[in-house]
Amino acid sequence: MASGPDRTVRAMAPLITSAEALALGRLTEPADIELLVERAWTARVERFADSTDMCSLVNAKSGGCAEDCGFCAQSRYAEADTPMHAMMEPDQILEHAKAAEAAGAHRFCMVTQGQGLSRRDFQKILEGARLVSENTNLKRCVSIGHMSADRAKQLADAGVQRVHHNVETARSHYPEVSTTVRYEGRIRTIDAVREAGLESCVGGILNLGETPRQRVEMAFELAEIDPTSVPINLLNPRAGTKFGDRPLMDPWEVVKWVAIFRLIIPGALFRLCGGRVENLGSMHKLAVKAGLNGVMMGNFLTTLGAEPAEDREMFEELGLNVARQPDNGANPRPDNRSGWLAGESPATPIDELVDSQEEANFWDPSTQLRVVKKAKKPPSYPRAA
């Protein structure tokens, strides 16, 4: 079984108070936000030096979800067309993992929809994880909904090292986001992951109608959870979903809140994931400087992403090391590249990284998803209690 992270080494207290975070959240002038970015950059470099943690995913199973998460087009409550994809076979999962590795990802996440998997589908994830472990140098992650401690241990035995399970938003705002998936259930899954000795990846989505105070609340809740990794998603409004009419976030607001989250959770690995292309545009590099360790490379679950060469360049221009590691995931953490943990940085493989998604044959939702129109009007979203 994989050994768990040393939380006594990694844990780090917030660098700002809740009141200070709220005050920073009121900044609007670009010059003031740039000063905040410099502060967050210092915190990031002091903790992680020049190391990076680039991730990629495959949508191993999509569509037909019974839950009511208001941001998701896969929900049965959404009027949006349903993006469908049957459960992938293990060899298909490996094919997409190899594409992620070719593009320079350090980590690969197998993602499915819904609260949990059937026994058959869970076995395919286990076998996919074994194949990725045996045939690539990638760290292995899964995002497969709720799970028991027993299933988490099976994942660890199959070579999975980290489990992703978001809280999505602040506890006080959560009922506006989902009523069928309970906040407490998410925490139970995170606890089960830790019991199995696995690392945790826990974050959320900004721009779900939460207030600035609730953003700060979520950040401090995440600090209390103390995950290894914090993914920040930005709402990409999907027509026909509960939040489909919301505008995109202003890029300066995105940068500001990335920096604030970094100062509240200085010891976690931060990455930007879904919605970053649509919300940030040309300001990606400034968002990286606001405290990111990495981004989700390639495409997302149902939307397209950026080119690998562009993502690597953003980090390299800031003097960060995006070299991949030929260690088959043996190192416990990918942020060891600068010797933050004991041991030398792994050498970079001689073979060249590919620059485009087409060269890498990434997961492609524009061609691999089957969009199904709903035959009848879906039920209304349940009202928050």
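**The second largest pocket and helix 8**

Helix 7 (174–177) and helix 8 (residues 183–195) each supply at least two residues of the lining of the second largest pocket. Helices (H or I, at least four residues) and strands (E, at least two) are DSSP runs, numbered from the N terminus. The model is predicted: local features need pLDDT of at least 70 and side-chain atom pairs count only at pLDDT 80 or more, whereas totals for chains, interfaces and linings use all residues. Residues are numbered from 1 along each chain as its sequence is written, and side-chain values use heavy atoms, with hydrogens and water left out.

A pocket is an open set of points on a 1 Å grid over the protein atoms alone, with protein on both sides within 12 Å along at least five of seven lines; a cavity is a set of points where a 1.4 Å probe fits but cannot get out, and lining residues have an atom within 4 Å of a point. Grid points are joined across faces, edges and corners, and a volume is the space filled by probe spheres set on the points.

The second largest pocket encloses about 160 Å³. Its lining consists of R171, Y174, P175, S178, T179, V181, R182, Y183, E184, R383, A384 and A385. By class, this lining has six nonpolar, two polar and four charged residues, where Ala, Val, Leu, Ile, Met, Phe, Trp, Tyr, Cys and Pro count as nonpolar, Asp, Glu, Lys and Arg as charged, and the others, Gly among them, as polar.

Helix 8 has 13 residues and reaches 19 Å from its first C-alpha to its last, close to the expected 18 Å; the expected span is 1.5 Å times one less than the number of residues. Y183, which also lines the pocket, is buried in helix 8 along with G185, R186, T189, I190, A192 and V193. Buried means under 20% relative accessible area, exposed over 50%, and partly exposed in between (1.4 Å probe, protein chains only). The cover over these buried residues includes helix 6 (149–157), strand 5, helix 7, strand 6 (199–201) and helix 9 (212–225). Just after helix 8, G197 adopts a positive phi of about 80 degrees.

**The cavities**

Three cavities of 30 Å³ or more are present, and the largest has a volume of about 1,100 Å³. Of the 50 residues that line the largest cavity, F71, V111, H164, E168 and L301 lie nearest its centre. Strand 1 (55–61), strand 3 (107–112), strand 4 (139–143), strand 5 (162–164) and strand 8 (229–234) are the elements giving two or more residues to this lining. The lining comprises 22 nonpolar, 20 polar and eight charged residues.

**Helix 5 and the nonpolar cores**

Helix 5 (residues 119–135) has 17 residues, and its end C-alpha atoms are 24 Å apart, in agreement with the 24 Å it should span. Its buried residues are D121, F122, K124, I125, L126, G128, A129, L131, V132 and S133. Among the elements covering them are strand 1, helix 4 (90–102), strand 3, strand 4 and helix 6.

A nonpolar core is a set of buried Ala, Val, Leu, Ile, Met, Phe, Trp, Tyr and Cys residues joined through side-chain atoms within 4.5 Å. The largest such core has 109 residues, of which I125 and L155 touch the most other members. Helix 10 (residues 251–264) gives the most to this core, with nine residues. Residues up to four places away in sequence aside, I125 touches A60, M87, I93, M110, T112, L117, V142, I144 and L155; contact means heavy atoms within 4.5 Å. A second, separate core of five residues includes A73, Y77, A78 and A80. In soluble globular proteins, nonpolar side chains tend to be buried together.

**Selected loop residues**

| Residue | Loop | Relative accessible area |
|---|---|---|
| D226 | between helix 9 and strand 8 | 14%, buried |
| T303 | between strand 10 (294–297) and helix 13 (308–316) | 14%, buried |
| L353 | between helix 13 and helix 14 | 23%, partly exposed |
| N361 | between helix 14 (357–360) and helix 15 (365–368) | 41%, partly exposed |

D226 has a positive phi of about 60 degrees although it is not a glycine. N361, likewise not a glycine, has a positive phi of about 60 degrees.

Leaving aside neighbours within four places in sequence, T303 is in contact with N236, R238, E278 and P365. T303 and G267 are 36 residues apart in sequence and 30 Å apart in space, C-alpha to C-alpha. With neighbours within four places in sequence again left aside, L353 is in contact with E101, A102, A103, G104, R312 and R324. From L353 to S75 the separation is 278 residues in sequence and 37 Å in space, C-alpha to C-alpha.
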